[in-house]
Amino acid sequence: MSDHELRVSKIRDGTVIDHVEGGQALNVLAILGIDGSEGLGVSVGMNVPSDRLGRKDLVKVEGRELSQSEVDVLSLIAPEATINIVREFEVVEKNRVTRPDRVAGVLSCPNRNCITNADEPVETRFEVVSDGVRCDYCSTVLRSDIADHIDV
């Protein structure tokens, strides 16, 4: 295979999530709720060479465009990602993810004593900080293990 050959074929319509940190593609699929049972065409490239990241993952999802809330959650584990919207085999929109200031209802707090883990009707809320996310209720900071606490 030459350096200019495609490893994965183009998609007609859907979303390409590129420049995902190596090893995070399966977490991307989990965030999107994709487990294969929905019948969508999905292509995953893991640990492929990247000038910008060294190694990167790539996810192509046919027949689906992402919501802003999905992009917000993706930005927590893939802050360098680009989201490409494809229609009729052409990229019609290309955006880099931006991390939101806050996220609500998408992460679980790892602190067992946090009010969000008591049987109370409290939605989790986290402030996005430079090195992770901080729980609004107990101030616990999640750093490298954010993907383990995604609750979508």
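This short presentation covers the cysteines, the salt bridges and one strand pairing of the structure shown above. Please keep in mind that the model is a predicted one.

Let me begin with the cysteines. For "binding site", an unreviewed UniProt entry lists C109, C114, C135 and C138. These four positions are spread over 30 residues of sequence, yet they cluster in space, with a largest C-alpha distance of 8.8 Å.

How many disulfides does the structure hold? The count is zero. For C109, the closest cysteine sulfur is the one in C138, and the separation is 3.5 Å. A disulfide requires two cysteine sulfur atoms within 2.5 Å, so this pair is too far apart for a bond. C114 is likewise in no disulfide, since the sulfur of C135, the nearest one from a cysteine, is 3.7 Å away.

Are these cysteines buried or exposed? C109 has a relative accessible area of 5%, which places this residue among the buried ones. C114 is buried as well, at 2% relative accessibility, and C135 is also buried, at 2%. The cut-off behind these statements is a relative accessible area under 20%.

I turn now to the surroundings of these residues. C109 is located in the loop between β6 and β7, the latter spanning 125–129. Setting aside residues up to four places away in sequence, C109 touches C114, C135 and C138, together with T116, N117, T124, F126 and T140. C135, by contrast, belongs to strand β8. With the same sequence neighbours excluded, the contacts of C135 are C109, C114, R125, F126 and T140.

T140 appears in both of those contact lists, and deserves a word of its own. Where does T140 lie? This threonine is found in the loop between β8 and β9. Beyond its neighbours within four places in sequence, T140 contacts C109, P110, N111, V133, R134 and C135. As a reference for scale, T140 and N84 are separated by 56 residues in sequence and by 34 Å in space, from C-alpha to C-alpha.

N84 brings me to β4, which covers residues 82–87. Strands β4 and β5 run antiparallel and are joined by six bridges. Within this pairing, I83 stands opposite N95 of β5. The two strands form a hairpin with two residues between them. In that turn, E88 has a positive phi of about 50 degrees.

The next topic is the salt bridges, of which there are nine. I shall discuss three of them.

In the first example, E80 pairs with R96, and their closest N and O atoms are 2.9 Å apart. E80 sits in the loop between α2 (68–77) and β4, while R96 is in strand β5 (residues 90–96), so the bridge ties together parts that are 16 residues apart in sequence. Both partners are partly exposed: E80 has a relative accessibility of 33%, and R96 one of 48%.

In the second example, the side chains of D136 and R102 meet with an N to O distance of 2.6 Å. What does this pair link? It connects distant parts of the chain, with D136 in the loop between β8 (132–135) and β9 (141–142), and R102 in strand β6 (residues 102–104), 34 residues apart. D136 is partly exposed, at a relative accessible area of 27%. R102 is also partly exposed, at 45%.

In the third example, R134 and E127 form a salt bridge whose closest N and O atoms are 3.2 Å apart. R134 is partly exposed, with a relative accessible area of 30%. Its partner E127 is partly exposed too, at 28%. Which residues are joined into one network by salt bridges that share partners? They are R102, R125 and D136.

Finally, let me connect the two main topics. R125, a member of that network, is also among the residues that C135 touches. R134, the partner of E127 in the third example, is in contact with T140. T140 in turn touches both C109 and C135, two of the cysteines that the UniProt entry lists for "binding site".

Notes: Residues are numbered from 1 along each chain as its sequence is written. This is a predicted model: local features need pLDDT of at least 70, side-chain atom pairs count only at pLDDT 80 or more; totals for chains, interfaces and linings use all residues. Side-chain values use heavy atoms; hydrogens and water are left out. Buried means under 20% relative accessible area, exposed over 50%, partly exposed in between (1.4 Å probe, protein chains only). A salt bridge is a side-chain nitrogen of Lys or Arg within 4 Å of a carboxyl oxygen of Asp or Glu. Helices (H or I, at least four residues) and strands (E, at least two) are DSSP runs, numbered from the N terminus. UniProt positions are given in the numbering used here, feature names are shortened, and annotations may be inferred rather than shown by experiment. Contact means heavy atoms within 4.5 Å. Two strands pair if DSSP finds at least two bridges between them.
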